[in-house]
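I opened this model to look up its fold, its charged contacts and its pockets. My entries follow in the order I made them.

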Amino acid sequence: MYKKNIHSLVLSGMLSVIALLLSFFSFAVPFLPPFLKFDFTFIPLFMALLIMNYKNALLVSILKNFLHFVLISHEPTGTIANIVVEFIFISIIVLFYKKSPIKIILGGIIATVTMTIFMSLLNYFVLLPAYGYIMNLSDIVQNIKTIISVGIIPFNLIKGTLVTFLFFVTLKIYKGIPASIKLRFS
């Protein structure tokens with residue numbers, strides 16, 4: 001029992017650092033606001049979900065975002081948004097991933113729509129006004145409806161689609177690993 005917990009914590013820490021390193025390889029989506037960036041940090045989260053469990057996937061998310069905030073960004077609104085998106089997507093996809101590929105697609109669609117709606121509301125009422133206040137950018141607060149409708153909503157729809165695709169790729173890689181090599185934490 002003790003050894004299993006230590007292995008899970010060490011693997012969670014390693015996956016968090018890998019996710020942090022992957023965050024350096026982010027890119028902006030063309031025709032959308034440049035502060036909205038896509039990265040591949042969901043891959044270590046999915047690996048934590050597949051190798052260990054839901055709780056450890058959320059732990060990897062929290063650790064990665066904490067490290068990103070402390071070491072790189074020093075800006076809380078993006079970190080909060082990232083945590084919320086990861087929690088929503090992982091929490092919904094966990095309900096579907098052990099079922100058929102059609103159910104995984106359904107889970108990806110539900111997660112994408114939920115993420116888009118929730119992030120639109122959170123950005124409208126909390127994150128964008130806070131970001132505008134922190135960065136002293138009054139034009140963000142004045143154009144918040146435009147930013148949500150032209151930036152946040154399309155970005156989250158694109159991100160949800162790409163993250164669902166990344167989950168399929170991660171699942172395919174995980175299933176391709178021989179059973180004798182896979183770590184068993186459950």
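**Entry 1: the largest pocket.** I am working on a predicted model. I began with the character of the largest pocket's lining. I count 11 nonpolar residues there, 12 polar and five charged. For the volume of this pocket I get about 750 Å³. Its lining takes in 28 residues, and F35, K37, E75, G78 and T79 sit closest to the centre.

Next I asked which elements give two or more residues to the lining. I found helix 3, helix 4, helix 5 (101-134) and helix 7 (144-176). Helix 4 supplies the largest share, with six residues.

**Entry 2: overall fold.** I listed the secondary structure of the protein chain: seven helices and two strands. Read from the N terminus, the order is α-β-β-α-α-α-α-α-α. I then checked how compact the chain is. The radius of gyration comes to 17 Å, and the globule rule gives 16 Å for 186 residues, so the chain is as compact as a globular protein of that length.

I also noted the box that the C-alpha atoms fill. Along the principal axes it is roughly 55 × 35 × 25 Å. Of the 186 residues, 43% are buried. I looked at contacts between residues at least 6 apart in sequence; 66% of these join residues at least 24 apart.

**Entry 3: the salt bridge.** How many salt bridges does the structure hold? I found one. E86 pairs with K64, and their closest N and O atoms are 2.6 Å apart. The two residues come from distant parts of the chain, 22 residues apart: E86 belongs to helix 4 (residues 76-93) and K64 to helix 3 (residues 54-73).

Are the partners buried or exposed? E86 has 1% relative accessibility, so I log E86 as buried. K64 also comes out at 1%, and K64 is buried because the cut-off is under 20%.

I then listed what else K64 touches, leaving out residues up to four places away in sequence. Besides E86, K64 has contacts with S16, A19, L20, T41 and N82.

**Entry 4: helix 2.** I went through helix 2 (residues 42-51) one residue at a time. Nine of its 10 residues are buried, so helix 2 is largely enclosed by the rest of the structure. My list of the buried ones reads F42, P44, L45, F46, M47, A48, L49, L50 and I51.

As a reminder to myself, an α-helix has 3.6 residues a turn, so residues three or four places apart point the same way.

**Entry 5: I148.** My last stop was I148, which I located in helix 7. Its relative accessibility is 9%, so I148 counts as buried.

Which residues does I148 touch, not counting those up to four places away in sequence? I found S120, N123, Y124, L128, I153 and P154. I also took one distance from I148, to L121. These two residues are 27 apart in sequence, and their C-alpha atoms are 8.8 Å apart in space.

**Entry 6: for the bench file.** I keep three items from this session. The salt bridge of E86 with K64 has its closest N and O atoms 2.6 Å apart. Helix 2 has nine of 10 residues buried. The largest pocket, at about 750 Å³, draws six lining residues from helix 4.

How values were computed: Residues are numbered from 1 along each chain as its sequence is written. This is a predicted model: local features need pLDDT of at least 70, side-chain atom pairs count only at pLDDT 80 or more; totals for chains, interfaces and linings use all residues. Side-chain values use heavy atoms; hydrogens and water are left out. A salt bridge is a side-chain nitrogen of Lys or Arg within 4 Å of a carboxyl oxygen of Asp or Glu. Helices (H or I, at least four residues) and strands (E, at least two) are DSSP runs, numbered from the N terminus. Buried means under 20% relative accessible area, exposed over 50%, partly exposed in between (1.4 Å probe, protein chains only). On a 1 Å grid over the protein atoms alone, a cavity is a set of points where a 1.4 Å probe fits but cannot get out, and a pocket is an open set with protein on both sides within 12 Å along at least five of seven lines; lining residues have an atom within 4 Å of a point. Grid points are joined across faces, edges and corners, and a volume is the space filled by probe spheres set on the points. Ala, Val, Leu, Ile, Met, Phe, Trp, Tyr, Cys and Pro count as nonpolar, Asp, Glu, Lys and Arg as charged, and the others, Gly among them, as polar. The radius of gyration is taken over C-alpha atoms; the globule rule is 2.2 Å times the number of residues to the power 0.38. Contact means heavy atoms within 4.5 Å.
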